[in-house]
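Student: Can you go through this model with me, one spot at a time? I'll ask as we go.

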Amino acid sequence: MPTDLAPRVRDLVSKLTLEEKASLLSGASTWTTTAIERLGIPSIWLADGPHGLRKAPAPNDVGAGTAVPATCFPTASALACAWSERLTRRVGEAIGREARAQGVDVVLGPGVNLQRSPLGGRNFEYLGEDPLLSGTLAAAFVEGVQSQGVGACVKHFAANEQETERMSCSSEVDERTLRELYLRPFEIAVTRAKPWSVMSAYNRVNGVFASEHPWLLSDVLRGEWGFDGFVVSDWGAVDDRAAGVAAGLHLEMPSSGPLGPGDVVAAVKAGTLAEARLDAVVGELLASVLRAAEARTATPPPAVDPDAHQALAREAAAACLVLLRNEGDALPVDPATPRKVAVIGGFARRPRFQGGGSSQVVPTRTTSAWEALEEIARGGALSLRFAEGTGANDEADATALEEAKRIAAAADVALVFVGLPLSHEIEGLDRTHLRLPPAHDALVEAIASVQPNLVVVVTAGAPVLMPWLGRTRAVLLGGLLGQAGGGAVADVLTGRVAPSGKLASSWPARLEDVPSYLHFPGEAGAVRYGEGVFMGYRGHDALGTAPLFPFGHGLSTTRFEYADLRVSSPVVRDTEGVTVTCRIRNAGTRAGREIVQVYAGDLAARVRRPPRELVAFAEVSLAPGEEREVRFALGRRAFAFWDPALRAFVVEDGEHELAVGASSRDLRLRETIRVEAVAPVRRRFDRHTPLSEWIADPQARAAIEAHAGGLLRAFGLVPGAEAAPLDEARLTLRAMILALPIGKLGRFTRGAFTREQVERLIAQANAPRA
Ligand code: BGC
């Protein structure tokens, strides 16, 4: 808690009755917290959301479609494709500004659950599949929002990667997978940007509801990461309110009427919830509420300039667009060259620019690609014609298709807009397949048969299949781009802005290739994260599957050259880290922005690790011919893995490969370095440690050699001791001896090897080393 508030908070807590304390810990309405007027404790207002403000007109209005109009920025899955901290911070600032102007104190975003499966129904609300990218961008978003005197709320903590049975399902995840992947974005956002709030998820984590999970809410979040804000439940996530208080859940939202407060009072009276624990949780919440109220009065609410926010929304959306394919430089379509352009597909006129559910913003205005293209054409030489191509509700329609074919055949280029309908990207529902509506696939095929110069613009917040890919010249991914997305698409199609986005998730060639395929969305109330740390590109790379488009992929209309990879030292101490530099040159004829990605791979790890993991990235904008050095500082975590036995992040001595490239599969420069762990982490030996591990460790081997040297030598298990060639029987015996846990020596020698001797060996193996 901010220290200056501590005395006031202590004083307030001492004056509150038990009933008042309990009432503070549940909302007063759908969006507001409880005020206690007699003590001057104010109420604060929380509102969605992650890509634009959704402020309901009244505290008990859910705000579905009735929210105050606000700028709808690109959704998280699109924004992540810009790979830009700078831009994400500016979007956060703008959302924070609109929130301040509307009297909102806490914005319920960013969402940092990972896109574990492309089927996840809320993938459009999340920042991709990589924890470093997601956490880094989330931190920038939080900084932006909070720079306006408004809090951000990082959600949904934790392991909330699906919609199926979202309010009850248990995510069964081992600790290494949690630490390396699913907790990591929260850790980065919390430790770097100090969000005012974190939202606990609906689901259970390894059997315990996230909203009453002491390990998550208290040990990790507050204890290890130093979180000093308040934890709010997802809306309606509370199962057992008193257990939540004990675990560290500060605020139940929305109001549950008398239920939540009543349960807390009853638990204290029954002695199952200590009042001291209640006081601590109330004090932590009060500190946040007072901080919010102070921020609200510290400066007058800012004036919002809707035009400036619209311009930012367009700029951001343009940076999010990913050019997936561009054969023969089909794009851009130069507006100064006279050409007939067929624009086909309903999305060109009626853009879908966000997903469904709690994040749905009522936009201040919308621009379609058609309107923006028309405007550009007016000032240039393009002549445009439009056709729907399909019937209503994405159904096939023979007349509409024939009309589209006719227009396309008569044009010089066809721009075909296809994508997912809203019903495929909606909170509460996972997808069941990756296909576009059949009429959309059929439309692309039909246009391809009459117009070889075919550009497809895809609207989707998550991966889709493209059976027609080989028949296109270019494919532009326009994710869910927000209210100005249409303008951004027109800007990129016509070359006003060079495409520069990169995929923030892997696009599989088949659903069956997705590493989580067999483990999503689980069954019988549980989902096992069975692919472990091999999620997304980590799994594709380990399994050697060829994705349709790999993580990090995105083309430019200019060409970047990578050169001169240097590391500060070929031998690196893990505590000091390493600096990596390389030179990037724009060798093309247009200005452009490149996202330079650094991946690290542990070449000889004791545990199985992904072949490479993103450890740094940077954006660099270059004029034609311009060249710049890009510098990355890699710390210990770039090389570490979570050791389940030691329950700590561990770096092992050994070689690591650093690779720099334009995508996870387009690595241009490589260097191998040696990492030295300053405090090498040593495993602990116990009764269950097999002999193979004893002899691999010099100190443990020395201990056992003193007792059973003859046996070891007879089987060639001592380095340098040449054993006679082993016959088949002894080879088999040797394998069995190596697998023998040390504690079994007594049994196998019928007691000749005593328990005391085993204990002594263990003590010697674990003794501090010189
Ligand atoms: C969503 C949250 C959202 C909340 C409030 C829930 O259904 O999961 O992300 O912030 O509603 O609208």
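Student: Which residues does Val 104 touch, leaving out those up to four places away in sequence?
Tutor: Trp 45, Ala 47, Leu 53, Lys 55, Ala 99 and Val 150; contact means heavy atoms within 4.5 Å. This is a predicted model, where local features need pLDDT of at least 70, side-chain atom pairs count only at pLDDT 80 or more, and totals for chains, interfaces and linings use all residues. Residues are numbered from 1 along each chain as its sequence is written, and side-chain values use heavy atoms, with hydrogens and water left out.

Student: Is Val 104 buried or exposed?
Tutor: Val 104 is buried, at a relative accessible area of 2%. Buried is under 20%, exposed over 50% and partly exposed in between, with a 1.4 Å probe and protein chains only.

Student: Where is Val 104 found?
Tutor: In the loop between helix 4 (85-101) and strand 2 (106-107). Helices (H or I, at least four residues) and strands (E, at least two) are DSSP runs, numbered from the N terminus.

Student: New topic. Why call strand 14 largely enclosed?
Tutor: Because five of the five residues of strand 14 (residues 474-478) are buried. Ala 474, Leu 476 and Gly 478 point one way, while Val 475 and Leu 477 point the other way.

Student: Which strands pair with strand 14?
Tutor: Strand 9 (residues 322-326) pairs with strand 14 in the antiparallel sense over four bridges, and strand 13 does so in the parallel sense over five bridges. Pairing requires that DSSP finds at least two bridges between two strands. Leu 323 stands opposite Leu 476, and Val 458 stands opposite Leu 477.

Student: What covers the buried residues of helix 15?
Tutor: The cover includes strand 10 (339-344), helix 14 (398-409), strand 12 (413-419) and strand 13 (454-459). Among the buried residues of helix 15 are His 440, Asp 441 and Leu 443.

Student: Now pockets. How much space lies in the largest pocket?
Tutor: About 560 Å³. Of the 31 residues lining the largest pocket, Leu 132, Arg 184, Val 615, Arg 637 and Ala 638 are the closest to its centre. On a 1 Å grid over the protein atoms alone, with a 1.4 Å probe, a pocket is an open set of points with protein on both sides within 12 Å along at least five of seven lines, and lining residues have an atom within 4 Å of a point. Grid points are joined across faces, edges and corners, and the volume is the space filled by probe spheres set on them.
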